[in-house]
Amino acid sequence: MFGLFGKTKAVKVRGVSDSRRFGVAARSLKELIRKACDFLKVPVTGAHVCLSSDGTLVTEGLFGTLPDHCELVLLSRGQSWKGVVSDLERLLTSEHREQLVEAVRSLLSDPLSPQRHKLLRDMQRTLEDTSDRETRDQDRDWFTGLDTRFKTKSSYMRFNCESRIRSYMKEVTDASRTIEKAQCRAEFEKTMQSLGHMLKTARYQGAYFDRSQDEGEGSRLCTAEGWFTCQGSFDEALCPSLHSINPYSSRENRVIFSTWNLDHRIEKKRSVIPALLECHQNRTSADIDLTYFYRLLFTTDNLKLVHIACHKKGAHNLQCDAKKVYKRTGQTGKQQRGRKRRLR
């Protein structure tokens, strides 16, 4: 009955993709929808309105209780509205990105609480994304402080990954100095040469950080845009904090990414290298399954990319598989024991 005898109600109406508001006066929901559709050029058939604040559908009964100047959203058939969440989704689209950046900069110029300042600063850094620029000429700020030989972001990120992985080989080399027996040390040097050759010839040793890398063995750990997601600590399947970063997006993020770790699940210093040293106490290098140790030391078979907060530095208490450290043969256990050559 309100629609027939109620007083005229003045409300503000906007569309889903346009924040401009139109004042509309109507005595019923049907009249309101008709007028709003005329203003916003939306087909009347299937059109409906909801509260801008939370997306509640406005019925004829609810219309009668609305306060004057209430803000409503006009929806066409198939559209939905989720309140402030929908506004955020709209603002974060590329067409509104520059407007949002300018708004954030303006807010940062005013006195703010440390918490609000941090929130806006993080938003600004995310919005000022230059990940779509790949070359030095396109994004000179990103390359600040880097050797001039790097002409693309991908080439530097690949080098960064290679450097990390090659440093693990240096730790293996340093471990050889602890071997006292000359013959054992000579066999270990053969092992190092073999591992070094395997590392040098591996096509994908730096691919984990290279967003231009194709899918396949040793494929990138990031999206095509350059987003990396923390894989969680050694004893977790996923990162509970959902840490993510795109080092391709800014120089600051590139620097911050250097604090992320390629963490060995079976620890390099506590387990892998000691096991490799132990193998050389009574076997030759030819007896040892170097592919197994190679994959533990240098590949994502045993490496997880983790945010610094997810990097647990305590003992992992995981050991190498004793059944995999030596090469398999078709011999029986007795025959295999007969092949062992104790090094003196």
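## A tour from helix H11 to the two largest pockets

Select helix H11, residues 290-298, of this predicted model: 7 of its 9 residues are buried, so the helix is largely enclosed by the rest of the structure. Show the side chains of Leu 290, Tyr 292, Phe 293, Tyr 294, Leu 296, Leu 297 and Phe 298, which are the buried residues of H11. Then add what covers them, including helix H7 (153-175), helix H8 (182-201), strand E7 (261-264), helix H10 (268-279) and strand E8 (303-306). At the start of H11, look at Asp 289, where a side-chain oxygen comes to within 3.2 Å of the backbone nitrogen of Thr 291.

Keep H7, E7 and H10 on screen, since the next stop is the largest pocket, to whose lining each of these elements supplies at least two residues. This pocket has a volume of about 320 Å³, and of its 16 lining residues, Leu 262, Asp 263, His 264, Lys 268 and His 311 are the closest to its centre. E7 gives the largest share of the lining, 4 residues, and by class the lining holds 3 nonpolar, 5 polar and 8 charged residues.

Move next to the second largest pocket, which holds about 260 Å³ of space; among its 14 lining residues, select Arg 125, Thr 126, Ser 244, Ile 245 and Asn 253, the closest to its centre. Helix H6 (114-127), strand E6 (244-245) and helix H9 (251-257) each give two or more residues to this lining, with the largest share, 3 residues, coming from H6.

Finally, colour the chain by pLDDT, which averages 85, with 87% of the residues scoring at least 70. Over residues 331-344 the pLDDT is below 50, although this stretch has 22 contacts in the model beyond near neighbours in sequence. Where pLDDT is low, the predicted coordinates should not be read in detail.

Conventions
Residues are numbered from 1 along each chain as its sequence is written. This is a predicted model: local features need pLDDT of at least 70, side-chain atom pairs count only at pLDDT 80 or more; totals for chains, interfaces and linings use all residues. Side-chain values use heavy atoms; hydrogens and water are left out. Buried means under 20% relative accessible area, exposed over 50%, partly exposed in between (1.4 Å probe, protein chains only). Contact means heavy atoms within 4.5 Å. A polar contact is a pair of N or O atoms within 3.5 Å; within protein, one must be able to donate a hydrogen and the other to accept it, and residues adjacent in sequence count only if both atoms are side-chain atoms. pLDDT is the predictor's confidence in each residue, from 0 to 100. On a 1 Å grid over the protein atoms alone, a cavity is a set of points where a 1.4 Å probe fits but cannot get out, and a pocket is an open set with protein on both sides within 12 Å along at least five of seven lines; lining residues have an atom within 4 Å of a point. Grid points are joined across faces, edges and corners, and a volume is the space filled by probe spheres set on the points. Ala, Val, Leu, Ile, Met, Phe, Trp, Tyr, Cys and Pro count as nonpolar, Asp, Glu, Lys and Arg as charged, and the others, Gly among them, as polar.
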